[in-house]
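Subject: Structure for your review, with notes on what was found

Dear colleague,

I am handing over the structure below, together with notes on what a first pass through it turned up. Please read the notes with the structure open beside them.

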Amino acid sequence: MRSTFRRFFNFIVQLIFWTPLSLIINVMAIAPLAVLFGWVDFPAMNLIFIWPICWGIAFALNKLKISLKGKKVDDHFETEYEEYVISVTSDYDVSVSKRTGTEYSSSNTFWGWVGIFLSFIAFPIQIISLLFSFLSIFIGVIYSTTKRLPHDVYFSTFNDILHGIFDFVIIPSNVEKQNKGSFKGLLWTFVFILTVIVVLFIGYAVSALLFNVFAINLPDFVSIIALLGFIAVAIGLIISIIKYVGLICYSYSKEEALKYTFKIAGISAIEAILLVLIIL
């Protein structure tokens, strides 16, 4: 379900956009309470002004996020009314006129109240969402999105709740066993790890060549960003090795093992490029 690139793009959106926004929502939601209970040094009289503003922004943004996922957060109502106006002139003439109109009102649905409540813990919730969004790049049964779920796939109530709160679902999947299971698959752990070592060594050799022979030296901020990326991809690499070893043990096949080795080499190549940027 969805390509690896799309999953990576969803993770970047979670990281760059929704994570800082969730922090703003969280701060806006708890700021009035922090002032009320004296957790911060701020004139309590100003609560009259900042309380409705802070909560209005926090609740609206968090409800908007939930609504983007296809959840209904508000029920809207239209009520028609009749109004009679009595007018008395200076000559004591009385006239009665009738006016009709429509009043509009709204109320929170279940997901609307969930959005309000989650505003107070928006940032911790987002950290969990960000973690599963990252894991979804390497684990196919996890799919993370802040948009509507596909209409052509059935999702249980449990998945609907996961998506509404944590932005991810567990995709139903049936793994067919093509071959007999074998613990010989554990031996491929060393092959996977050796593949990582070889590719990283090649990356180190390239960086040494560029630094010593061509005297290439990148700005420090590039190295810092590359280091953060290196750590993130390293976590994914460990997860991938564990996943592929489990699959090989479940259904042992040399052809499948070689395919997984090439995938490990591809992820390691990204690590090697980041390593080059760190060293330079």
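How many helices and strands does the secondary structure of the chain come to? The answer is eight helices and four strands, and this holds for a predicted model, as does everything else in this message. Read from the N terminus on, the elements follow the order α-α-β-β-α-α-β-α-β-α-α-α. The chain has 280 residues, of which 35% are buried, and its exposed area is about 17600 Å², with carbon and sulfur atoms supplying 71% of that area. If one takes the contacts between residues at least 6 apart in sequence, 75% of them join residues at least 24 apart.

The cavity

A search of the whole structure for cavities of 30 Å³ or more finds one, and its volume is about 120 Å³. The lining consists of 14 residues, and those nearest the centre of the cavity are Asn62, Lys65, Leu118, Ile125 and Ile165. Two or more lining residues come from each of helix H1 (4-36), helix H2 (47-68), helix H4 (122-135) and helix H5 (157-166).

Of the residues nearest the centre, Leu118 may be a convenient one to start from. Leucine 118 lies in helix H3, which spans residues 110-118, and it is classed as buried because its relative accessible area is 9%, where the cut-off for buried is under 20%. Setting aside neighbours within four places in sequence, leucine 118 is in contact with Asn62, Ile125 and Ile165, and these three are also among the residues nearest the centre of the cavity. Leucine 118 and isoleucine 165 are 47 residues apart in sequence, while their C-alpha atoms are 8.2 Å apart in space.

Salt bridges

Side chains of opposite charge can pair when their charged atoms come close. The search of the whole structure finds six salt bridges, and the ones described here include a pair that involves Lys65, a residue already met in the cavity lining. The side chains of lysine 65 and aspartate 167 meet with an N to O distance of 3.2 Å. Lysine 65 lies in helix H2 and aspartate 167 in the loop between H5 and S4, so this pair ties together parts of the chain that are 102 residues apart in sequence. Lysine 65 counts as buried, at 9% relative accessibility, and aspartate 167 is likewise buried, with a relative accessible area of 0%. A network of salt bridges links Lys65, Lys69 and Asp167.

Aspartate 167 deserves a second look for its backbone, which has a positive phi of about 70° although the residue is not a glycine. Most residues other than glycine have a negative phi. The loop that holds aspartate 167 runs between H5 and strand S4 (168-170).

Which residue forms a salt bridge with lysine 71? The partner is aspartate 160, and the closest N and O atoms of the pair are 2.4 Å apart. This pair, too, links distant parts of the chain, with aspartate 160 in helix H5 and lysine 71 in the loop between H2 and strand S1 (74-88), 89 residues apart. Aspartate 160 is partly exposed, with a relative accessible area of 28%, whereas lysine 71 is buried, at 9%.

A further salt bridge joins aspartate 75 to lysine 72, with the closest N and O atoms 2.9 Å apart. Here aspartate 75 counts as partly exposed, at 25% relative accessibility, and lysine 72 is exposed, at 53%.

Helices H6 and H8

On the surface, Ile193, Leu194, Ile197, Val198, Phe201, Ile202 and Val206 form a nonpolar patch whose accessible area comes to about 650 Å² together. Isoleucine 193 belongs to helix H6, which covers residues 188-212, and it is partly exposed, with a relative accessible area of 39%.

Is serine 268 buried or exposed? Serine 268 is buried, since its relative accessible area is 0%, and its place is in helix H8 (residues 254-279). Not counting residues up to four places away in sequence, serine 268 touches Val196, Val199, Leu200 and Leu237.

With best regards

How values were computed: Residues numbered from 1 in each chain as written. Predicted model: local features only at pLDDT ≥ 70, side-chain atom pairs only at ≥ 80, totals over all residues. Heavy atoms only, no water. Buried < 20%, exposed > 50% of the residue type's maximum accessible area, 1.4 Å probe, protein only. Contact = heavy atoms within 4.5 Å. Patch = residues over 30% accessible without salt bridge, like charges linked within 9 Å, V, L, I, M, F, W, Y side chains within 5 Å. Areas by Shrake-Rupley, 256 points an atom, 1.4 Å probe, with all protein chains shown as cover. Salt bridge = Lys/Arg side-chain N within 4 Å of Asp/Glu carboxyl O. 1 Å grid on protein atoms, 1.4 Å probe; cavity = no way out; pocket = protein on both sides within 12 Å on 5 of 7 lines; lining within 4 Å. Points joined across faces, edges and corners; volume = space filled by probe spheres on them.
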